[in-house]
Amino acid sequence: MEATPRLQPPHNIALLPPPTFLGHLIPFIELAKKLVFQHNCTITLIILDDGSSMKPQKSLLQGLPTTINTVFLPPVSTDDLPENATAELLVSIRLTRSFPALRDTLTSLKELGTSAAALVVDLFAVDAIDIAKQFGIPAYLFHVIATYELSLSVLLPKLDESCTSEYRDMVDPITLPGSIVLSPEDLPDSLKERNSEVHKWAIDWCNKFLEADGVMVNSFLELELEAFKDLERRLPGVPPVYPVGPLIRTGTEAESDAGSECVKWLNDQPPKSVLFVSFGSGGTLSVEQFKELALGLEMCGQRFLWVVRTPQESAADAYLNTQSTVKDPLDYLPEGFLERTKGRGLVVVSWAPQIQVLSHRMNAVFLTDGLKGAIRVKPNENGVVGREQIAELVQRLMEGEEGNQIRKRMTDVKIAAGNALSPEGSSTKALAHVVQQWINWK
(Lines give C-alpha, C1' and ligand atoms only; values in the text may rest on other atoms or scores of the structure.)
Protein backbone atom coordinates (compact mmCIF):
# COMPACT_ATOMS: atom_id res chain seq x y z
CA MET A 1 0.00 0.00 0.00
CA GLU A 2 1.41 3.35 -1.02
CA ALA A 3 2.03 5.71 1.87
CA THR A 4 0.13 9.00 1.91
CA PRO A 5 2.61 11.86 1.51
CA ARG A 6 2.88 14.11 4.55
CA LEU A 7 1.78 17.71 4.06
CA GLN A 8 4.57 20.22 4.36
CA PRO A 9 3.92 22.45 7.39
CA PRO A 10 3.54 26.17 6.62
CA HIS A 11 6.69 28.25 6.67
CA ASN A 12 6.74 30.80 9.47
CA ILE A 13 7.97 34.27 8.47
CA ALA A 14 9.03 36.80 11.12
CA LEU A 15 8.25 40.44 10.32
CA LEU A 16 9.84 43.34 12.23
CA PRO A 17 8.11 46.66 11.53
CA PRO A 18 9.16 49.79 13.43
CA PRO A 19 7.26 51.03 16.47
CA THR A 20 5.22 54.23 16.66
CA PHE A 21 4.27 55.27 13.14
CA LEU A 22 1.56 53.64 11.10
CA GLY A 23 2.84 54.49 7.63
CA HIS A 24 5.24 51.54 7.92
CA LEU A 25 3.08 49.18 9.99
CA ILE A 26 0.17 49.12 7.53
CA PRO A 27 2.23 47.79 4.57
CA PHE A 28 3.76 45.17 6.88
CA ILE A 29 0.29 43.99 7.88
CA GLU A 30 -0.78 43.84 4.24
CA LEU A 31 2.39 41.91 3.37
CA ALA A 32 1.58 39.48 6.17
CA LYS A 33 -1.92 38.89 4.77
CA LYS A 34 -0.54 38.32 1.27
CA LEU A 35 1.90 35.72 2.61
CA VAL A 36 -0.89 33.97 4.52
CA PHE A 37 -3.58 33.93 1.85
CA GLN A 38 -1.47 33.50 -1.28
CA HIS A 39 1.48 31.44 -0.03
CA ASN A 40 0.19 29.43 2.95
CA CYS A 41 2.70 31.00 5.35
CA THR A 42 2.24 31.66 9.03
CA ILE A 43 3.44 35.01 10.35
CA THR A 44 5.05 36.17 13.56
CA LEU A 45 4.60 39.95 13.65
CA ILE A 46 7.16 41.31 16.11
CA ILE A 47 6.39 44.81 17.39
CA LEU A 48 8.36 46.84 19.91
CA ASP A 49 6.19 48.36 22.62
CA ASP A 50 7.19 52.05 22.63
CA GLY A 51 5.79 52.69 26.11
CA SER A 52 2.65 54.47 24.92
CA SER A 53 -0.88 53.05 24.82
CA MET A 54 -0.24 52.02 21.18
CA LYS A 55 -4.00 52.25 20.64
CA PRO A 56 -3.77 53.03 16.88
CA GLN A 57 -1.36 50.12 16.33
CA LYS A 58 -3.45 47.66 18.34
CA SER A 59 -6.58 48.76 16.49
CA LEU A 60 -4.94 47.84 13.18
CA LEU A 61 -4.02 44.42 14.53
CA GLN A 62 -7.59 43.51 15.47
CA GLY A 63 -9.34 40.98 13.27
CA LEU A 64 -6.21 39.60 11.63
CA PRO A 65 -6.17 35.93 10.60
CA THR A 66 -5.25 33.52 13.38
CA THR A 67 -2.19 32.52 11.35
CA ILE A 68 -0.73 35.97 12.07
CA ASN A 69 0.62 35.94 15.61
CA THR A 70 1.61 39.27 17.17
CA VAL A 71 4.44 39.41 19.69
CA PHE A 72 5.08 42.65 21.58
CA LEU A 73 8.66 43.19 22.72
CA PRO A 74 8.96 45.01 26.07
CA PRO A 75 9.66 48.76 25.97
CA VAL A 76 13.24 49.94 26.32
CA SER A 77 14.52 53.08 28.00
CA THR A 78 15.86 56.03 26.02
CA ASP A 79 16.08 58.36 29.00
CA ASP A 80 19.82 58.70 28.51
CA LEU A 81 19.41 60.28 25.08
CA PRO A 82 19.40 64.06 24.66
CA GLU A 83 16.01 65.77 24.53
CA ASN A 84 16.67 67.00 20.99
CA ALA A 85 17.43 63.52 19.63
CA THR A 86 15.93 63.18 16.17
CA ALA A 87 13.10 60.80 15.36
CA GLU A 88 15.33 58.66 13.14
CA LEU A 89 17.81 58.12 15.95
CA LEU A 90 15.11 57.46 18.55
CA VAL A 91 13.40 54.79 16.48
CA SER A 92 16.67 53.16 15.47
CA ILE A 93 18.06 53.10 19.01
CA ARG A 94 14.81 51.73 20.46
CA LEU A 95 14.92 48.88 17.99
CA THR A 96 18.62 48.18 18.57
CA ARG A 97 18.12 48.06 22.32
CA SER A 98 15.28 45.56 21.83
CA PHE A 99 17.49 43.08 19.97
CA PRO A 100 18.08 40.83 23.03
CA ALA A 101 14.30 40.41 23.26
CA LEU A 102 14.18 39.77 19.51
CA ARG A 103 16.77 36.99 19.88
CA ASP A 104 14.71 35.49 22.70
CA THR A 105 11.60 35.55 20.51
CA LEU A 106 13.34 33.82 17.60
CA THR A 107 14.77 31.25 20.01
CA SER A 108 11.32 30.58 21.46
CA LEU A 109 9.90 30.05 17.97
CA LYS A 110 12.64 27.49 17.31
CA GLU A 111 11.96 25.66 20.56
CA LEU A 112 8.24 25.51 19.75
CA GLY A 113 8.96 23.92 16.37
CA THR A 114 7.86 27.01 14.45
CA SER A 115 11.27 28.39 13.55
CA ALA A 116 11.32 31.53 11.45
CA ALA A 117 12.16 30.70 7.84
CA ALA A 118 13.09 34.33 7.17
CA LEU A 119 13.30 37.67 8.97
CA VAL A 120 11.85 40.69 7.16
CA VAL A 121 12.86 44.04 8.68
CA ASP A 122 11.88 47.65 8.23
CA LEU A 123 14.39 50.23 7.06
CA PHE A 124 14.83 51.42 10.66
CA ALA A 125 15.78 47.91 11.79
CA VAL A 126 18.49 46.98 9.29
CA ASP A 127 20.91 46.15 12.11
CA ALA A 128 18.70 43.11 12.78
CA ILE A 129 20.22 41.63 9.62
CA ASP A 130 23.03 40.41 11.88
CA ILE A 131 20.54 38.56 14.09
CA ALA A 132 19.04 36.76 11.09
CA LYS A 133 22.52 35.62 10.10
CA GLN A 134 23.12 34.32 13.64
CA PHE A 135 20.03 32.13 13.25
CA GLY A 136 21.04 31.05 9.75
CA ILE A 137 17.94 32.46 8.06
CA PRO A 138 17.63 34.95 5.19
CA ALA A 139 17.31 38.63 6.08
CA TYR A 140 15.14 40.74 3.81
CA LEU A 141 14.47 44.46 3.95
CA PHE A 142 10.92 45.65 3.28
CA HIS A 143 11.31 49.18 1.92
CA VAL A 144 7.87 50.77 2.25
CA ILE A 145 8.67 54.02 0.42
CA ALA A 146 9.58 54.90 -3.16
CA THR A 147 12.21 52.93 -5.04
CA TYR A 148 14.03 56.06 -6.18
CA GLU A 149 14.78 56.73 -2.51
CA LEU A 150 16.49 53.36 -2.42
CA SER A 151 18.53 54.48 -5.43
CA LEU A 152 19.47 57.62 -3.52
CA SER A 153 20.56 55.41 -0.61
CA VAL A 154 22.95 53.57 -2.92
CA LEU A 155 24.44 56.85 -4.16
CA LEU A 156 24.63 58.67 -0.83
CA PRO A 157 27.86 57.15 0.56
CA LYS A 158 29.69 57.95 -2.69
CA LEU A 159 28.20 61.43 -2.69
CA ASP A 160 29.39 61.90 0.87
CA GLU A 161 32.93 60.83 -0.04
CA SER A 162 33.13 63.18 -3.01
CA CYS A 163 31.58 66.21 -1.31
CA THR A 164 34.02 68.53 0.47
CA SER A 165 31.40 70.93 1.83
CA GLU A 166 27.73 70.79 2.85
CA TYR A 167 25.33 69.34 0.30
CA ARG A 168 23.51 72.67 0.08
CA ASP A 169 26.67 74.18 -1.43
CA MET A 170 26.88 71.65 -4.26
CA VAL A 171 26.69 73.12 -7.76
CA ASP A 172 25.69 70.01 -9.70
CA PRO A 173 22.27 68.41 -9.10
CA ILE A 174 21.80 64.76 -8.12
CA THR A 175 20.39 62.66 -10.96
CA LEU A 176 18.38 59.55 -10.15
CA PRO A 177 16.92 56.91 -12.48
CA GLY A 178 13.75 57.91 -14.27
CA SER A 179 15.05 61.39 -15.09
CA ILE A 180 14.55 62.52 -11.49
CA VAL A 181 16.80 65.47 -10.77
CA LEU A 182 17.30 66.59 -7.17
CA SER A 183 18.78 69.91 -6.18
CA PRO A 184 20.55 70.09 -2.79
CA GLU A 185 17.45 71.73 -1.28
CA ASP A 186 15.39 68.66 -2.21
CA LEU A 187 17.35 66.46 0.19
CA PRO A 188 15.71 65.75 3.57
CA ASP A 189 16.58 68.32 6.24
CA SER A 190 18.15 65.55 8.31
CA LEU A 191 20.80 64.97 5.61
CA LYS A 192 21.77 68.56 5.00
CA GLU A 193 24.12 68.80 7.99
CA ARG A 194 26.92 66.36 7.19
CA ASN A 195 28.37 66.56 10.70
CA SER A 196 25.09 65.65 12.40
CA GLU A 197 24.39 62.36 14.14
CA VAL A 198 21.45 61.62 11.88
CA HIS A 199 23.62 62.05 8.78
CA LYS A 200 26.10 59.57 10.22
CA TRP A 201 23.18 57.21 10.91
CA ALA A 202 21.98 57.60 7.31
CA ILE A 203 25.41 56.76 5.87
CA ASP A 204 25.70 53.73 8.15
CA TRP A 205 22.21 52.64 7.08
CA CYS A 206 23.08 52.98 3.38
CA ASN A 207 26.03 50.66 3.87
CA LYS A 208 24.22 48.23 6.16
CA PHE A 209 21.21 47.52 3.95
CA LEU A 210 23.60 46.19 1.30
CA GLU A 211 24.14 43.18 3.60
CA ALA A 212 20.50 42.08 3.23
CA ASP A 213 19.83 38.96 1.20
CA GLY A 214 17.09 40.78 -0.69
CA VAL A 215 14.95 43.90 -0.68
CA MET A 216 11.19 44.02 -1.20
CA VAL A 217 9.78 47.40 -2.19
CA ASN A 218 6.20 48.58 -1.74
CA SER A 219 6.01 49.70 -5.35
CA PHE A 220 5.54 48.01 -8.70
CA LEU A 221 7.74 47.52 -11.72
CA GLU A 222 5.71 49.55 -14.17
CA LEU A 223 5.64 52.61 -11.89
CA GLU A 224 9.40 52.94 -11.36
CA LEU A 225 10.87 50.86 -14.16
CA GLU A 226 14.05 52.92 -14.54
CA ALA A 227 14.81 52.78 -10.83
CA PHE A 228 14.42 49.00 -10.72
CA LYS A 229 16.57 48.59 -13.84
CA ASP A 230 19.26 50.79 -12.29
CA LEU A 231 19.35 48.74 -9.10
CA GLU A 232 19.45 45.50 -11.12
CA ARG A 233 22.47 46.80 -13.05
CA ARG A 234 24.27 47.32 -9.75
CA LEU A 235 24.18 43.61 -8.82
CA PRO A 236 25.98 41.99 -7.04
CA GLY A 237 26.99 45.12 -5.08
CA VAL A 238 23.32 45.74 -4.29
CA PRO A 239 21.03 42.92 -3.08
CA PRO A 240 18.28 41.83 -5.49
CA VAL A 241 15.27 44.16 -5.36
CA TYR A 242 11.71 42.85 -5.74
CA PRO A 243 8.70 45.12 -6.40
CA VAL A 244 5.80 43.54 -4.47
CA GLY A 245 3.36 46.45 -4.18
CA PRO A 246 1.32 48.46 -3.97
CA LEU A 247 0.36 47.00 -0.57
CA ILE A 248 -2.31 49.27 0.90
CA ARG A 249 -4.94 48.91 3.57
CA THR A 250 -7.79 46.58 2.66
CA GLY A 251 -10.42 44.56 4.48
CA THR A 252 -13.36 46.20 6.24
CA GLU A 253 -12.16 49.77 5.68
CA ALA A 254 -15.03 50.52 3.29
CA GLU A 255 -17.55 49.56 5.97
CA SER A 256 -16.18 51.85 8.67
CA ASP A 257 -18.01 54.97 9.82
CA ALA A 258 -15.31 57.19 8.32
CA GLY A 259 -15.49 55.32 5.03
CA SER A 260 -19.24 55.60 4.79
CA GLU A 261 -19.14 59.30 5.63
CA CYS A 262 -16.52 60.02 2.96
CA VAL A 263 -18.31 58.14 0.19
CA LYS A 264 -21.72 59.63 1.06
CA TRP A 265 -20.25 63.14 0.98
CA LEU A 266 -18.48 62.50 -2.33
CA ASN A 267 -21.72 61.24 -3.87
CA ASP A 268 -23.27 64.64 -3.18
CA GLN A 269 -20.52 66.60 -4.99
CA PRO A 270 -20.39 67.47 -8.71
CA PRO A 271 -18.25 65.11 -10.81
CA LYS A 272 -14.51 65.87 -10.92
CA SER A 273 -14.77 68.69 -8.43
CA VAL A 274 -13.04 67.48 -5.25
CA LEU A 275 -9.41 67.64 -4.18
CA PHE A 276 -8.23 64.77 -1.97
CA VAL A 277 -5.65 65.94 0.57
CA SER A 278 -3.76 63.18 2.36
CA PHE A 279 -0.11 62.73 3.28
CA GLY A 280 -0.16 59.07 4.25
CA SER A 281 -0.22 57.74 7.80
CA GLY A 282 3.40 58.76 8.35
CA GLY A 283 3.18 62.12 6.64
CA THR A 284 2.29 64.33 9.57
CA LEU A 285 2.81 68.08 9.10
CA SER A 286 4.39 70.60 11.42
CA VAL A 287 1.99 72.86 13.33
CA GLU A 288 2.86 75.86 11.17
CA GLN A 289 2.48 73.93 7.91
CA PHE A 290 -0.82 72.45 9.12
CA LYS A 291 -2.29 75.94 9.63
CA GLU A 292 -0.94 77.27 6.33
CA LEU A 293 -2.47 74.29 4.51
CA ALA A 294 -5.84 74.92 6.15
CA LEU A 295 -5.79 78.60 5.22
CA GLY A 296 -4.66 77.78 1.68
CA LEU A 297 -7.56 75.35 1.24
CA GLU A 298 -9.90 78.03 2.53
CA MET A 299 -8.47 80.66 0.16
CA CYS A 300 -8.60 78.48 -2.95
CA GLY A 301 -12.38 78.20 -3.04
CA GLN A 302 -12.29 74.59 -4.26
CA ARG A 303 -14.03 71.56 -2.79
CA PHE A 304 -11.75 69.30 -0.76
CA LEU A 305 -11.62 66.12 1.31
CA TRP A 306 -8.82 66.45 3.87
CA VAL A 307 -7.52 63.62 6.06
CA VAL A 308 -6.02 65.39 9.08
CA ARG A 309 -3.52 64.01 11.55
CA THR A 310 -2.16 65.65 14.67
CA PRO A 311 0.60 68.05 13.63
CA GLN A 312 4.03 68.05 15.27
CA GLU A 313 5.59 70.86 17.27
CA SER A 314 8.88 70.17 15.47
CA ALA A 315 9.02 70.32 11.69
CA ALA A 316 12.06 68.01 11.71
CA ASP A 317 10.09 65.17 13.35
CA ALA A 318 6.83 65.78 11.52
CA TYR A 319 7.12 62.94 9.04
CA LEU A 320 7.77 60.22 11.60
CA ASN A 321 5.15 61.41 14.08
CA THR A 322 6.88 60.18 17.24
CA GLN A 323 4.68 61.85 19.85
CA SER A 324 3.40 59.22 22.25
CA THR A 325 0.43 61.33 23.38
CA VAL A 326 -1.65 62.24 20.35
CA LYS A 327 -3.93 65.29 20.61
CA ASP A 328 -7.07 65.93 18.59
CA PRO A 329 -5.92 67.33 15.21
CA LEU A 330 -9.10 69.40 14.93
CA ASP A 331 -7.83 71.53 17.82
CA TYR A 332 -5.04 72.80 15.57
CA LEU A 333 -7.30 74.12 12.81
CA PRO A 334 -7.65 77.93 12.52
CA GLU A 335 -10.56 79.22 14.57
CA GLY A 336 -13.79 79.05 12.59
CA PHE A 337 -12.25 77.02 9.73
CA LEU A 338 -14.81 74.22 9.81
CA GLU A 339 -17.72 76.66 9.83
CA ARG A 340 -16.34 78.78 6.99
CA THR A 341 -15.68 75.74 4.75
CA LYS A 342 -18.81 73.78 5.68
CA GLY A 343 -20.40 72.16 2.64
CA ARG A 344 -17.38 72.85 0.44
CA GLY A 345 -14.93 70.77 2.43
CA LEU A 346 -14.98 67.60 4.50
CA VAL A 347 -12.36 67.06 7.22
CA VAL A 348 -11.91 63.52 8.58
CA VAL A 349 -9.53 62.51 11.33
CA SER A 350 -6.62 60.10 10.74
CA TRP A 351 -7.95 57.89 7.98
CA ALA A 352 -10.15 57.68 4.87
CA PRO A 353 -10.85 54.73 2.54
CA GLN A 354 -8.19 55.67 0.02
CA ILE A 355 -9.06 53.00 -2.54
CA GLN A 356 -12.68 54.13 -2.72
CA VAL A 357 -11.78 57.80 -2.70
CA LEU A 358 -9.33 57.48 -5.56
CA SER A 359 -11.82 55.40 -7.52
CA HIS A 360 -14.52 58.02 -7.11
CA ARG A 361 -15.23 60.98 -9.37
CA MET A 362 -12.24 62.90 -8.03
CA ASN A 363 -10.17 65.56 -9.67
CA ALA A 364 -6.68 65.61 -8.15
CA VAL A 365 -4.61 64.37 -5.23
CA PHE A 366 -1.86 65.71 -3.03
CA LEU A 367 0.89 63.15 -2.75
CA THR A 368 2.92 62.30 0.34
CA ASP A 369 5.99 64.43 -0.30
CA GLY A 370 5.69 67.57 1.71
CA LEU A 371 3.51 69.96 -0.26
CA LYS A 372 5.44 69.59 -3.49
CA GLY A 373 3.14 66.96 -4.99
CA ALA A 374 3.53 66.76 -8.74
CA ILE A 375 4.10 70.52 -9.13
CA ARG A 376 7.24 72.02 -7.62
CA VAL A 377 6.73 74.77 -5.06
CA LYS A 378 9.36 76.56 -3.02
CA PRO A 379 9.06 76.59 0.79
CA ASN A 380 10.21 79.56 2.86
CA GLU A 381 13.34 79.68 4.99
CA ASN A 382 11.56 77.64 7.68
CA GLY A 383 10.68 74.88 5.23
CA VAL A 384 6.99 75.85 5.14
CA VAL A 385 4.86 76.36 2.03
CA GLY A 386 2.66 79.44 2.51
CA ARG A 387 -1.11 79.69 2.18
CA GLU A 388 -0.95 81.79 -1.00
CA GLN A 389 1.25 79.23 -2.72
CA ILE A 390 -1.06 76.43 -1.63
CA ALA A 391 -4.13 78.23 -2.93
CA GLU A 392 -2.38 78.86 -6.25
CA LEU A 393 -1.22 75.25 -6.45
CA VAL A 394 -4.74 73.94 -5.84
CA GLN A 395 -6.11 76.18 -8.60
CA ARG A 396 -3.49 74.84 -11.01
CA LEU A 397 -4.27 71.27 -10.04
CA MET A 398 -8.02 71.68 -10.35
CA GLU A 399 -8.34 73.99 -13.34
CA GLY A 400 -5.05 74.00 -15.28
CA GLU A 401 -3.53 71.71 -17.87
CA GLU A 402 -1.08 70.40 -15.26
CA GLY A 403 -4.05 69.07 -13.32
CA ASN A 404 -5.42 67.34 -16.42
CA GLN A 405 -2.07 65.65 -16.98
CA ILE A 406 -1.89 64.53 -13.36
CA ARG A 407 -5.41 63.07 -13.50
CA LYS A 408 -4.52 61.13 -16.64
CA ARG A 409 -1.34 59.91 -14.99
CA MET A 410 -3.32 58.83 -11.93
CA THR A 411 -5.73 56.84 -14.08
CA ASP A 412 -2.85 55.11 -15.86
CA VAL A 413 -1.12 54.34 -12.57
CA LYS A 414 -4.32 52.91 -11.05
CA ILE A 415 -4.75 50.55 -14.00
CA ALA A 416 -1.09 49.53 -13.92
CA ALA A 417 -1.24 48.91 -10.16
CA GLY A 418 -4.22 46.62 -10.59
CA ASN A 419 -2.41 44.71 -13.32
CA ALA A 420 0.70 44.34 -11.14
CA LEU A 421 -1.36 42.72 -8.37
CA SER A 422 -3.32 40.42 -10.70
CA PRO A 423 -2.58 36.65 -10.59
CA GLU A 424 -0.07 36.99 -13.46
CA GLY A 425 1.08 40.49 -12.53
CA SER A 426 4.67 41.57 -11.93
CA SER A 427 4.29 42.14 -8.18
CA THR A 428 2.47 38.82 -7.64
CA LYS A 429 5.24 36.96 -9.45
CA ALA A 430 7.95 38.86 -7.57
CA LEU A 431 6.51 37.96 -4.16
CA ALA A 432 6.12 34.32 -5.23
CA HIS A 433 9.80 34.31 -6.23
CA VAL A 434 10.81 35.72 -2.84
CA VAL A 435 8.83 33.07 -0.97
CA GLN A 436 10.47 30.36 -3.08
CA GLN A 437 13.87 31.81 -2.17
CA TRP A 438 12.99 31.45 1.51
CA ILE A 439 11.76 27.89 1.07
CA ASN A 440 14.92 26.86 -0.79
CA TRP A 441 17.26 28.61 1.63
CA LYS A 442 20.12 26.41 2.80
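Ring pairs join Phe290, Phe304, Trp306, Tyr332 and Phe337 into a cluster. The model is a predicted one. In total, the structure contains nine aromatic pairs. One of them is formed by Phe28 and Phe142. The centres of these two rings lie 5.1 Å apart, and their planes stand at 70 degrees. Planes over 60 degrees apart count as edge-to-face, so the pair of Phe28 and Phe142 is edge-to-face. Phe28 belongs to helix α1, which spans residues 22–39. Phe142 belongs to strand β5, which spans residues 139–143. The pair therefore ties together parts that are 114 residues apart in sequence. Both Phe28 and Phe142 are buried.

A stacked geometry is found for the aromatic pair of Trp205 and Phe209. Here the distance is 5.0 Å centre to centre, with 20 degrees between the planes. Planes under 30 degrees apart count as stacked. Trp205 has 8% relative accessibility and therefore counts as buried. Phe209 has 0% relative accessibility, so this residue counts as buried too. The cut-off for a buried residue is under 20% relative accessible area.

Trp205 falls within the residue range of helix α7, residues 197–208. The axis of α7 comes within 9 Å of the axis of helix α3, residues 87–97. The two axes cross at roughly 55 degrees. Helices α3 and α7 are therefore oblique to each other. The crossing of α3 past α7 is left-handed. On the α3 side, the contact involves Glu88, Leu89 and Ser92. On the α7 side, Glu197, Val198 and Trp201 take part. By class, this contact of α3 with α7 comprises three nonpolar residues, one polar residue and two charged residues.

Helix α3 is mostly covered, with eight of its eleven residues buried. The buried residues are Ala87, Glu88, Leu89, Leu90, Val91, Ser92, Arg94 and Leu95. Glu88, Leu89 and Ser92, which meet α7, are thus listed among the buried residues of α3. The cover over the buried residues of α3 includes α7. It also includes strand β2, residues 42–48, and helix α4, residues 99–111.

A second helix pair consists of α10, residues 287–300, and α13, residues 387–399. Their axes come within 7 Å and cross at roughly 50 degrees. This angle makes α10 oblique to α13. Helix α10 passes α13 in a right-handed crossing, whereas the crossing of α3 past α7 is left-handed. From α10, the contact draws on Gln289, Glu292, Leu293, Leu295, Gly296, Leu297, Met299 and Cys300. From α13, Arg387, Glu388, Ile390, Ala391, Val394 and Gln395 contribute. The residues in the contact of α10 with α13 comprise eight nonpolar, three polar and three charged. Phe290, a member of the aromatic cluster, falls within the residue range of α10.

At the level of the whole protein, there are 15 helices and 13 strands. The protein has 442 residues, of which 51% are buried. Contacts with a separation of 6 or more were also divided by sequence distance. Residues 24 or more positions apart account for 77% of these contacts. The pair of Phe28 and Phe142 links parts 114 residues apart in sequence.

Conventions:
Residues numbered from 1 in each chain as written. Predicted model: local features only at pLDDT ≥ 70, side-chain atom pairs only at ≥ 80, totals over all residues. Heavy atoms only, no water. Axes fitted to C-alpha atoms, helices over the stretch in contact; angles between N-to-C directions. Helix = DSSP H or I, 4+ residues; strand = E, 2+ residues; numbered from the N terminus. Parallel < 35°, antiparallel > 145°, perpendicular 65-115°, else oblique. Left-handed = near helix turned anticlockwise from the far one by under 90°. Contact = heavy atoms within 4.5 Å. Nonpolar A, V, L, I, M, F, W, Y, C, P; charged D, E, K, R; others polar. Phe/Tyr/Trp six-rings, centres within 6.5 Å; stacked < 30°, edge-to-face > 60°. Buried < 20%, exposed > 50% of the residue type's maximum accessible area, 1.4 Å probe, protein only.
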